[in-house]
Amino acid sequence: MAPRSIVIGMLAFLLAAAVAPALPTWLVSLATVAFANALVVLGLVILWRAGLVPFGQALYYAVGAYSVALITRYSGVRDVLAMLAAAAALSGLVGYLTGFLLARYREIFFSMLSLALSMILYGVLVKTETLGSTDGFHVDSPTYFGAAPQGGMRLLVLFWLVLACCSLSALLVSLYFRSVAGALAIPARDSEIRLEFLGVSVNRLIHLNLVIAATLAGIGGALAAIAVEHVDPDMSYWTTSGGFVFVTILAGAGSVAAAFVGSLLFELLKSIAYDVLPGTWQIFLGAVLLLTILFLPGGIGSLFMRRRRPEPAS
Amino acid sequence: MSHHPLRRMIGHASGLLLVLAACDAQAQQPVPAPVKIGFVTFTSGPAAASFGIPDRNASEILVENLNAGKVPAPYNQIGLGGAKIEPKFVDEAGSAADQVTQYRNLVERDHVDVVVGYVSSGNCLAITPVAEELKELTVLDICGTPRIFEEKPRHYVFRVNPHATMDNVAAARYVLTKMKTISVYSGINQNYAWGQDSWRDFRLAMKDLDPKATVDQALFPKLFSGEYGAEISTLLTSKSQIIHSSFFDGDLEAFIYQSAARGLPQRVPLVLTTGETSVWRLGAKLPDGTIIGERGPHSFLAHDSELNTWFRKTYVDRFSEPPTYPAYDLAQSLLGLKSAWEKAQAKKGGARPTTEEVIAAFEGIEFKTPSTTVRMALANGHQGITDTAYGTYKFDKTENKPTLVDIMRFPAECVNPPPGVDSVAWLEGGMKGAKCD
């Protein structure tokens, strides 16, 4: 029943979890942030299939991050799963509410409206002096089933948690893409009128996709906040959303795996660029994006796709 | 193939190099391993021009001259205690997550011994817990938020430069001494943490010093908005006697250009807490009578010393413009580290000190800088305080250069909270324990 790609994907996550203790800690921490962000990108891939490019996905990312941060600041709850559940529920709820508005728009209007909504949250956070305004505030470390690991172990446990969240999300999204509702995204992009004629409500379909993408972004933001141990309003700023769109282009919207590979590659590229070109690292990233669009319009994911296609013929 | 002439040449050359390297190693045997320092500051983005670049320039000339042993006494020892400094520069632009990742890379991949830097308060707040976790000696440089040490005591993090409360308390004291009484005043500050904190501190200090003074307008335009037509109109209709602003960089310059064209700063003196960073670019465009601060007694307000003369000359010779306060801030941070390092080394009989030993020596240390004398008096010896000064702007038309007149100096205890008291609590409690004589 389980297709080969899902099995390979799960094995890759297991392998990453197994080699983590042998990796240098800076790489583990980089991969933790990369995979946390990959969840947001995964949500973008879902919307991308339906022909939607949100420039405001950072809204849900920040909602997830701030939920975790506010829980550690104002309550005694430290259990990581409770925090993640709260972040997922809250960002999903925000996604559901904004969905009533956003699901009615397409193309650039959808992009701009999503951007506007994320900037409203940014404006509110900047105005909130009790939460440190633009400086943001510290996020205390959570406990993992009652244990509070320190130092290198904290990083490792968090990395495993992120991998667990990622593999679970990847599995569910893969299954969703194979379901009827998931499969309808592509025809919805191609011709809404035809789909409506067949008796499908495209708005409701897109609303569902929006809620899934928002929940994924919320979990991603929560994990990023725990990893970085700090939240600030920049997490909801449009450049953060732009970064996610960048990774989606780099990864390509073709496959679930590409979101994770692309996000890891993006963080690695950024890290190398900071190291080699201090002061002009943005040029490096821009060049990479340009080259990707010119020579790999389907993103990194298209490399796997191309290789897979000739197989049945041979 | 093995007789290819090029290969032979490479073979000879590498042999020669090996011999040379061996000789070199013999000749320089007692040279201690270098101290790797990661310098983090904005080399791109909006805060680069007025903060990041002077900061980086200062680190360049200081590292070069310290390594050559050319800095005047008491800093004439090579590098840090004889060990040369090996700098690694990192850009501060990017999100807090980027900065935390870069910080980990510096510590765990590049194995730097000390990190010196950070301009943004947000980045300082994000880095501090990571520094504690990685047990990495870190000297925060320009960021001004008092929250770093007020939220929690820190062991591995130091900040030599005083925090932002001092700037605004001194501004209030200067204004009230100079103008005798103020009944109405206004403020225009950027809508982000630095602007909000600056205004809060100034307002609280004014309330303590002159309870009758009232606020007319408290304006918070967007950060980096660059266009202030509506705000200037509002301020022109206000009866304010002074206007407080913690604007910096492009925003400050845009505000000056736009408001001077409409006669605002000529009518109501502006109090610019970070004004000094822009005076060289604004020149005669900045109206005389503007009250200028520079977050400490730095370039215009620095005490005369051989060290200051050397620093200014070396900086001007290299970059053909005078050092502004971010450059002085970096000098204070690096020389503080050097003082602590060498004190620890002397205590150890000349052997290279460990991080813990440098920390022990750093806590509470007092040292001279090109600007003044720094005392690590707050936060269990982790936060420095200095005296500070304010002045009134006057453009010298004959010499064609900016000057400050009516300079007033304030001792450190007059404008900083006493140890163990949070800044806001100190201001709200009426600045108890301030010693101004």
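Domain 2 and domain 3 of chain B touch through 22 residues of domain 2 and 24 residues of domain 3. Their shared buried area is about 1,900 Å². This is a predicted model. A second contact joins chain B to chain A, with 34 residues from chain B and 32 residues from chain A. There, the buried area is about 2,800 Å².

**Domain layout of chain B**

- Chain B splits into domain 1 (1-30), domain 2 (35-163 + 304-385) and domain 3 (165-294 + 387-428).
- Between the C-alpha centres of domain 2 and domain 3 of chain B the distance is 27 Å.

**Domain 2 against domain 3 in chain B**

- Carbon and sulfur atoms give 58% of the area buried between domain 2 and domain 3 of chain B.
- Three residues, B:Glu150, B:His163 and B:Tyr325, supply 29% of the area that domain 2 buries against domain 3 of chain B. No other three residues supply more.
- Polar contacts between these two domains of chain B come to 6 residue pairs, both residues being at pLDDT 80 or more.
- The salt bridge count between domain 2 and domain 3 of chain B is 1.
- B:Arg375 and B:Glu413 meet through their side chains in a salt bridge, at 3.0 Å from N to O.
- On the domain 2 side, helix 2 (48-67), helix 13 (325-347) and strand 12 (373-378) of chain B each give two or more residues to the contact with domain 3.
- By class, that side of domain 2 of chain B holds 13 nonpolar, 6 polar and 3 charged residues.

**Chain B against chain A**

- Of the area buried between chain B and chain A, carbon and sulfur atoms give 47%.
- B:Arg109, B:Glu133 and B:Gln196 lose the most area to chain A among chain B residues. Together they account for 17% of what the chain B side buries.
- The interface of chain B and chain A has 4 salt bridges.
- B:Lys88 pairs with A:Asp275 in a salt bridge, with the closest N and O atoms 2.5 Å apart.
- Polar contacts across the interface of chain B and chain A number 14 residue pairs, with both residues at pLDDT 80 or more.

**Elements and residue classes on the chain B side**

- Strand 2 (85-91), helix 3 (96-109), helix 4 (121-134) and helix 7 (193-209) of chain B each supply at least two residues to the side touching chain A.
- Helix 3 of chain B gives the most to that side, with 11 residues.
- The chain B side that touches chain A divides into 12 nonpolar, 12 polar and 10 charged residues.

Terms used. Residues are numbered from 1 along each chain as its sequence is written. Chains are lettered from A and ligands numbered from 1 in the order in which they are written. This is a predicted model: local features need pLDDT of at least 70, side-chain atom pairs count only at pLDDT 80 or more; totals for chains, interfaces and linings use all residues. Side-chain values use heavy atoms; hydrogens and water are left out. Contact means heavy atoms within 4.5 Å. Buried area is the accessible area (1.4 Å probe) that two parts lose on being put together, summed over both. A polar contact is a pair of N or O atoms within 3.5 Å; within protein, one must be able to donate a hydrogen and the other to accept it, and residues adjacent in sequence count only if both atoms are side-chain atoms. Helices (H or I, at least four residues) and strands (E, at least two) are DSSP runs, numbered from the N terminus. Ala, Val, Leu, Ile, Met, Phe, Trp, Tyr, Cys and Pro count as nonpolar, Asp, Glu, Lys and Arg as charged, and the others, Gly among them, as polar. Domain bounds come from an automatic or database domain assignment.
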